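Before reading on, please take a moment to look over the model and its sequence. This report is about pockets and about charged side chains.

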Amino acid sequence: MKPIQEFLTELSKLDIRLWLDGDRLRCNAPKQALTPDLQAEITARKAEAIQFLKQVNSATSSTPETIKPVPRDQNLPLSFAQQGLWFIDQLEGGTTAYNQLFAIKLQGSVKIDVLERALTEIVRRHEILRTTFKTINGQAFQAIASEPNFTLLTETLQWQELQQFAVAQSQYPFNLAVGPLLRVTLVKLAPEEEEYVLLFVIHHAIADAWSSTIIIRELAALYEAFSLGKPSPLPELPIQYADFADWQHQKLQQSFPEQLRYWEQKLSDTPPVLQLPSDRPRLAVQTFQGAVITLE
């Protein structure tokens with residue numbers, strides 16, 4: 001049997017996340033990834049996983065650090081991940097390679113005004129969803145809109161038209177300097193009476209795949225509350241992504257030059273673009289076109 005750390009790493013590569021909630025082991029995974037065999041192995045190794053995660057948590061919390069809010073009346077730095085995406089956007093000129101697409105299927109009567117209000121509240125409470133990127137003297141900073149500028153788009157389509165529409169939406173580029181960097185469309189599926197798909201397109205500079213689970217969870221809570229005439233049940237967030245980005249820069253301010261020198265030396269002899277022999281010539285311009293191969 002492979003070591004528990006190796007097993008958890010393999011699960012992570014399948015986007016299967018295990019974490020501790022007190023003394024309980026929690027799991028979040030794509031439906032198709034969590035096979036019966038993996039479910040059985042996770043169950044069999046539950047105690048081992050809990051013990052390992054407790055050890056990891058103990059080691060990482062030995063010197064706890066608190067991320068504190070920073071003033072918003074200053075230039076807010078991009079996180080290192082955002083810097084990379086901003087650089088690629090400047091280089092490629094509005095590439096759509098980092099547009100993320102996910103959807104929620106809704107059945108039943110949908111109150112469109114309540115749905116739009118719930119989505120607007122999510123944009124309000126998460127600064128990152130109303131963030132764009134301003135450039136000052138060649139350096140990018142986060143620009144956070146004071147109010148959510150959100151409109152829920154609506155469409156009526158046949159089911160067979162949905163995939164083509166979704167792909168087209170994902171291939172429409174965002175302007176990182178202008179925004180918004182989030183598009184949400186409620187698609188009514190004709191001729192069905194009460195069947196919808198809520199389609200999200202978000203630039204990777206303001207969200208990742210894990211963000212979709214947060215959005216879905218908060219949308220469910222807000223829609224239910226607003227439908228009943230109740231206020232938002234969600235507490236205000238103590239920190240925002242901009243606070244994390246500032247903390248990240250402060251934390252690595254001393255060690256970053258040393259790490260940079262190390263990798264510059266390590267990669268100094270790196271060869272140019274690897275020219276592997278292939279059955280067709282390399283394109284002059286990268287297209288990001290790919291394919292999906294499914295196997296069991």
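The text below takes up the two largest pockets, then a buried arginine, and then the salt bridges.

**Pockets**

The model shown here is predicted, and the values that follow were computed from its atoms. Rolling a probe the size of a water molecule over the atoms shows where empty space is left. In this model the largest pocket has a volume of about 510 Å³, while the second largest pocket has a volume of about 260 Å³.

Which residues lie nearest the centre of the largest pocket? Its lining is made up of 19 residues, and those nearest the centre are Ile 128, Ile 206, Ala 207, Ser 211 and Tyr 241. Two helices, α4 (80–92) and α7 (209–227), each contribute at least two residues to this lining. Sorted by class, the lining of the largest pocket consists of 12 nonpolar, six polar and one charged residues.

For the second largest pocket, the lining counts 18 residues, with Leu 129, Asn 149, Gly 179, Pro 180 and Leu 181 nearest the centre. Here the strands β5 (131–136) and β8 (182–190) each supply at least two lining residues, and β8 gives the most, with three residues. By class, this second lining holds 11 nonpolar, five polar and two charged residues.

**A buried arginine in β8**

Strand β8 is also the place of Arg 183. What surrounds the side chain of this residue, given that Arg 183 is buried yet has no salt bridge? The nearest side chain of opposite charge belongs to Glu 155, and it is 11 Å away from Arg 183, whereas a salt bridge requires the nitrogen and oxygen atoms to be within 4 Å. The side chain of Arg 183 does, however, meet backbone oxygens: a polar atom of this side chain lies 2.7 Å from the backbone oxygen of Gln 169, and the side chain also reaches the backbone oxygen of Tyr 172 at 2.8 Å.

**Salt bridges**

Side chains of opposite charge can pair when their charged atoms come close. The count for this model comes to 13 salt bridges, and the table gives some examples.

| Positive residue | Negative residue | N to O distance |
|---|---|---|
| Arg 17 | Asp 15 | 3.0 Å |
| Lys 105 | Glu 195 | 2.9 Å |
| Arg 125 | Glu 218 | 3.0 Å |

The salt bridge between Lys 105 and Glu 195, with its closest N and O atoms 2.9 Å apart, links distant parts of the chain, since Lys 105 is in strand β4 (residues 99–107) and Glu 195 is in strand β9 (residues 195–203), 90 residues apart. Lys 105 counts as partly exposed because its relative accessibility is 46%, whereas Glu 195 is buried, with a relative accessible area of 14%.

The salt bridge of Arg 125 with Glu 218 likewise links distant parts of the chain, with Arg 125 in helix α5 (residues 112–125) and Glu 218 in helix α7, 93 residues apart. Are these two residues buried or exposed? Both Arg 125 and Glu 218 are buried.

In the salt bridge of Asp 15 and Arg 17, Asp 15 counts as partly exposed because its relative accessibility is 32%, and Arg 17 counts as partly exposed because its relative accessibility is 31%. Finally, Glu 41, Arg 45 and Glu 48 are linked in a network of salt bridges.

Conventions:
Residues numbered from 1 in each chain as written. Predicted model: local features only at pLDDT ≥ 70, side-chain atom pairs only at ≥ 80, totals over all residues. Heavy atoms only, no water. 1 Å grid on protein atoms, 1.4 Å probe; cavity = no way out; pocket = protein on both sides within 12 Å on 5 of 7 lines; lining within 4 Å. Points joined across faces, edges and corners; volume = space filled by probe spheres on them. Helix = DSSP H or I, 4+ residues; strand = E, 2+ residues; numbered from the N terminus. Nonpolar A, V, L, I, M, F, W, Y, C, P; charged D, E, K, R; others polar. Buried < 20%, exposed > 50% of the residue type's maximum accessible area, 1.4 Å probe, protein only. Lys, Arg positive; Asp, Glu negative; His and termini not counted. Polar contact = N/O pair within 3.5 Å; in protein donor to acceptor, adjacent residues only side chain to side chain.
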